[in-house]
Amino acid sequence: MWRKLHVEKPGIRLDLTLQSGQSFRWRQTKPGEWTNVLCGFVWTLKQVQNEIFYLVFKSKTSQRPRGQRILEEINSSGEEGSTFYESILRDYFQLDVDLGSLCQQWKAKDSFFAQVSERTRGLRVLRQDPVENLFAFICSSNNNIPRISGMVETLCQTYGERLGELNGVDHYIFPDIKDLTDAGVEQRLRAMGFGYRAKFINQSACYILQHHDRTWLESLRSVSYEEAHKALCQLPGVGAKVADCVCLMSLDKHEAVPVDTHVWQITAKHYMTNQLKTKSLTAKVYKEIGDHYRSLFGKYAGWAQSVLFAADLKRFQSESQPELKKEVSKRKATAQSESSVTKRKKKKH
């Protein structure tokens, strides 16, 4: 039985939020319906206009020979049961964050944001399990979303616990860190096409359990952004961008701004037009970009940057954007004017 998730408007757009490169395990099982594993349950979500509905399935041992696991829909009655499952989704989608008010503030500060945010309304930053989030983004290095999704699913099928089958598809829990520390993990993952990422997955898992424990990643939610970012960068295969992804998407560091070449190009084109003249994304430039967004958008700069990032993805762009083109032209003209003034001043001196 479909249950309604109580969301205040403007709420969530599932297609934007689940396809924007944050989480890599959501599958569109029917038009407008999405399925994934969260907190040991299998969930199917669907959106009907502005309303979100969900189904929850749990693992059960069947009466068939060999006791195979199957998935059965949870039909718990009463307010207590509904509240429990809804609380999981509310936490995952961070529904306590007033995205509508934030967007209004950002629009007032930045006219370019005001234009592009119209087509990404309802995009939220997910609050994911830190373990899954970390290892998924280790897989993201020099990779694209379809391949990352395939690698993450392979990790689950190879080292995760099987929950059961739903509509002909097997579903698995993400592996425990300990299961990724075995000596043969790197070689096995390399054989499955993970490349150099296999080494970083195995080494990071070993580093965490040698120096901390499985709860260490989650404990970083209680420290400062700077401390969490520095700690993550100690892990093999984790640089500034991956650390920022984990900080933003699972460790409650809303000010974290992941910067890849895509974000660098957006910033150079629409924001720091005269400052970003370098040909490579150095550590200095990376920090300058993050600081620029934090200065402009404030405490939730990572959320604002996520909107800008998604708005620039081709899959979310509309064919006709006259107002956006007008704003881009205006910014280019301003940048050229400022550049001309700077050149004239240099000639005088």
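Here is a short, friendly tour of this predicted model, point by point.

1. Let's begin with the whole chain. It has 15 helices and eight strands. Of its 349 residues, 48% are buried. Take the contacts between residues at least 6 apart in sequence: 65% of them join residues at least 24 apart.

2. Next, the interior. The largest nonpolar core has 76 residues, and the members touching the most others are Trp106, Phe135, Leu232, Tyr293 and Phe297. Apart from this core lies another one of 21 residues, including Trp26, Ile74, Ile88 and Phe93.

3. Phe135 is a good residue to click on, as one of those listed for touching the most other core members. Setting aside residues up to four places away in sequence, Phe135 touches Phe174, Ile177, Leu180, Ile201, Ser204, Ala205 and Ile208.

4. Helix H10 covers residues 225-232, and its buried residues are Tyr225, Ala228, His229, Ala231 and Leu232. Looking down the axis of H10, you will find these buried residues within an arc of 165°, so they line one face of the helix. Glu226 and Lys230, on the other side of H10, are exposed. What lies over the buried residues? The cover includes helix H9 (216-219), helix H11 (240-250) and helix H13 (283-297). Leu232 of H10 also appears among the core members that touch the most others.

5. H13 has a partner worth a look in helix H12 (residues 261-270): the two pack at an angle of about 60°, and their axes are 11 Å apart. Their crossing is left-handed. From H12, the contact is made by Val263, Trp264, Ile266 and Thr267, while H13 brings Val285, Ile289 and Tyr293. Sorted by class, this contact has six nonpolar residues, one polar residue and no charged ones. Tyr293 was met earlier, in the list of core residues that touch the most other members.

6. Two residues catch the eye for their backbone. Cys39 has a positive phi of about 55° although it is not a glycine, and Gln94, also not a glycine, has a positive phi of about 50°. Where do they sit? Cys39 is in the loop between strand S3 (33-38) and strand S4 (41-48), and Gln94 is in the loop between helix H2 (79-92) and helix H3 (99-109). Are they buried or exposed? Cys39 is exposed, since its relative accessible area is 61%, whereas Gln94 counts as buried because its relative accessibility is 9%.

7. Glu153 is a charged residue in helix H6 (residues 145-159). Why does Glu153 count as buried? Its relative accessibility is 16%, and buried means under 20%. Leaving out neighbours within four places in sequence, the contacts of Glu153 are with Arg25, Arg27 and Tyr172.

8. Last comes Phe53, in strand S5 (residues 51-61). With a relative accessibility of 18%, Phe53 counts as buried. Beyond its neighbours within four places in sequence, Phe53 is in contact with Trp2, Arg3, Lys4, Thr44, Leu45, Lys46 and Val48. How far is the C-alpha atom of Phe53 from that of His6? The two residues are 47 apart along the chain, and their C-alpha atoms are separated by 8.9 Å.

Notes: Residues are numbered from 1 along each chain as its sequence is written. This is a predicted model: local features need pLDDT of at least 70, side-chain atom pairs count only at pLDDT 80 or more; totals for chains, interfaces and linings use all residues. Side-chain values use heavy atoms; hydrogens and water are left out. Helices (H or I, at least four residues) and strands (E, at least two) are DSSP runs, numbered from the N terminus. Buried means under 20% relative accessible area, exposed over 50%, partly exposed in between (1.4 Å probe, protein chains only). Contact means heavy atoms within 4.5 Å. A nonpolar core is a set of buried Ala, Val, Leu, Ile, Met, Phe, Trp, Tyr and Cys residues joined through side-chain atoms within 4.5 Å. The arc is that of the directions from the helix axis to the C-beta atoms. Axes are lines fitted to C-alpha atoms, for helices over the stretch in contact, and angles run from 0 to 180 degrees between N-to-C directions. A crossing is left-handed if the near helix is turned anticlockwise from the far one by less than a right angle, and right-handed if clockwise.
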